Structures are given as C-alpha cells and as structure tokens.
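Me: I should like to learn how to read side-chain contacts and pockets in a protein model. Could you take me through an example?

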Amino acid sequence: MRVVPLLLSFSLILTFALVRPPPEARGQEPIDVLKVNTDLVVFDAQVLDKKTRRIIGDLSKEDFAITENGVKHEVTYFSRDELPLSIILLLDVRRSVRPIIHDIRDGALHALQRLKPEDEVAVMAFGTTYRLEQDFTKDRRLVSEKIESATATDVLGNGTYLSSALESAATHMQTAPAPGNRRVIIIVTDNIAVSPARETKDIVEELLDSGTVVYGLIVQAAVGKFFKIMSLGQLSKGVNDFVERTGGEILGADKKEVDEKLGVMIDHLRARYTIGFRPTNDTDDGKFRPVEIKISESKKRKEKPLVLTRRGYYLRRKK
C-alpha cells in the first residue's frame, strides 16, 4: 500500500510544530500549525528567473497564488527552510556513456563534498537491468566506494531500460529513513532512452505519492552527439517527462562539467519553497487533481518568475 507524504495529518503537523523552532525564530511569518485539524496538501516549489535561471529566494507567503481545478486556495502553510536532502543518485552505466563514465564518476564523487552532514544518499545504477548499489546512508566514504564500483563494470548490460530503474527508485524512496527530508532522484544519463506512455504514467504516480522530485543531468558522449545529429537534433527525451511532472529541472553538461552542474542542482534543491493548502474536496476519490502555482502579479519585480513544481496530486488516505 502506498504511503502519501503529500497529505500531512494533524499528528504529523503537530510533530513538526514540536521539533521545529517557532516561525518567529526562523524569521518567517507566524503560522498557527497547532490548529490544523484537516488534511494539508503540501507542494515543494522552486522559483527561478525565466531568463537567467537564477534562484529567486526572497518570496513570501503572499507572493504565491494556488488554484486547484480553477478554484483558488489560500496558502495555509509556508516555509523557506533549507531541509535536509534524501537523494537517490541514479547512474546510467550503459555502453553509450562508457566513453565518459570516468568523468561521470569523478563528477559525482566531487559533488558529494557539497552535501551537508545531515543529507543522506543512496546509489543505483542501470543499463539493461538495474541494481541498488547502496541504500540511504550519511557515510560519504561508503557512497564514494559504491559510485566507483557501480561505474567500473558493464555487468548491468547495454540496454536502455530507464523506466524500470526509475520505478524501482521511486518505490525505494518510500523507505527513506528521514521522512522530513526533501526527496529527490538525480538521474545522470545521456538521455538516450524511451519510456512507454503507460509506464510513464504509473511511475509519475509513484513519484507523486512519495513526494519525490526528479532532476536530470544530461551528459552526452560521442555516441549521444551522433544520435542527436542523425535524429536532426531531436534527442529522445528519456527523463524529460518525469522531470516536468514532478517540478524538477534538467541541466546539460559536457563531460568536464558534471561536478559543477551537480553542485548547481544541490544548491537549487536547498532553495525550494514548501507551500501547503487545505483542499475543499476531501473525498478520497483516487482522481488526479491538477494544481497550478503562480507568483502573484500584484508586486512589480525585475525578474520573470518561473515556478517549478508538481502538476497536481492524488488524495489518498492511509488505511
């Protein structure tokens, strides 16, 4: 049975209130979370300048506008806290990336240094099949060893089965030992993969249920560049749909930029906003509920804000 982290019951909100410092101590607007007696739907959002892609980190609760199926909702929970991260690093180790696999390995190893002590990392690798190389841990040495071993062999095959690996990662995210962490799957791949529409729908549903955002780092080896030329620039979009539907971000990198771009991803993850509202329809009908989060136009800004977040949610109660 799926657990739905998007729906925070009163007991969970109360727990947050007891373990977290008062809003005034964090420089935020006071939010009386102790009086919450209905389910709270929580979205994770990143706001960038559309032109420069720089983080916009000075927004307040009043700057956000939420609509669900065209119905406007009041923002009842708001936070800018830099939450700890639970990351699954999903590494493409297929033949098409073997020419640059050492660059991917070195970049991933260096990026670990940017993490904070409270962040936890799991490592998965995929090719024709997939394997969990390391479960969630805060031991950076252990993670480094597993990244090296995962990229040292082609035992997982040379196929393009991203869907199966991502589905397993989404399911495994449910076991993240720190439920209050920000959950993310970072896929490092050349993006030469095709995901059937039905599989994509099921995987996205699993990702939404676990409150996981997907980020994609696209690194192209020579074969990837050749494939792009032969397809007139229309490279297969293996990770794109998953990233867009969960509110993540895609960054491109050449083989020497993996470390730098992974660092940018980590910085962006820490700067995400947490926004919550109470749904007017609390029926557990299992239907997808589209949600749109925008920045209010009442305030003049130099930037052109772009909000990256999930496209909606499923209301499912624990049984």
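Reply: Let us begin with one pair of side chains. Those of Gln46 and Arg272 are joined by a polar contact of 3.3 Å. Please bear in mind that the model is predicted.

Me: With which other side chain does the side chain of Gln46 make a polar contact?

Reply: That partner is His268, whose side chain lies in polar contact with the side chain of Gln46 at 3.4 Å.

Me: Where does Gln46 lie, and is Gln46 buried or exposed?

Reply: Gln46 belongs to strand β2, which spans residues 40–49. To judge burial, one reads the relative accessible area, and a value under 20% counts as buried. For Gln46 the value is 1%, so this residue is buried.

Me: Which residues is Gln46 in contact with, leaving aside its neighbours within four places in sequence?

Reply: Besides His268 and Arg272, the contacts include Tyr215, Glu249 and Leu269. Leu306, Val307 and Leu308 are also in contact with Gln46.

Me: Let us turn to pockets. How much space lies in the second largest pocket?

Reply: The second largest pocket holds about 550 Å³ of space. Its lining has 25 residues, and those closest to its centre are Ile293, Lys294, Ile295, Pro305 and Val307. Val307 is also among the contacts of Gln46.

Me: Which elements give two or more residues to the lining of the second largest pocket?

Reply: They are α7 (240–246), β13 (288–295) and β14 (305–308). The most comes from β13, with five residues.

Me: How do the residues of this lining divide by character?

Reply: The lining of the second largest pocket has twelve charged, eight nonpolar and five polar residues.

Methods: Residues numbered from 1 in each chain as written. Predicted model: local features only at pLDDT ≥ 70, side-chain atom pairs only at ≥ 80, totals over all residues. Heavy atoms only, no water. 1 Å grid on protein atoms, 1.4 Å probe; cavity = no way out; pocket = protein on both sides within 12 Å on 5 of 7 lines; lining within 4 Å. Points joined across faces, edges and corners; volume = space filled by probe spheres on them. Helix = DSSP H or I, 4+ residues; strand = E, 2+ residues; numbered from the N terminus. Nonpolar A, V, L, I, M, F, W, Y, C, P; charged D, E, K, R; others polar. Buried < 20%, exposed > 50% of the residue type's maximum accessible area, 1.4 Å probe, protein only. Polar contact = N/O pair within 3.5 Å; in protein donor to acceptor, adjacent residues only side chain to side chain. Contact = heavy atoms within 4.5 Å.
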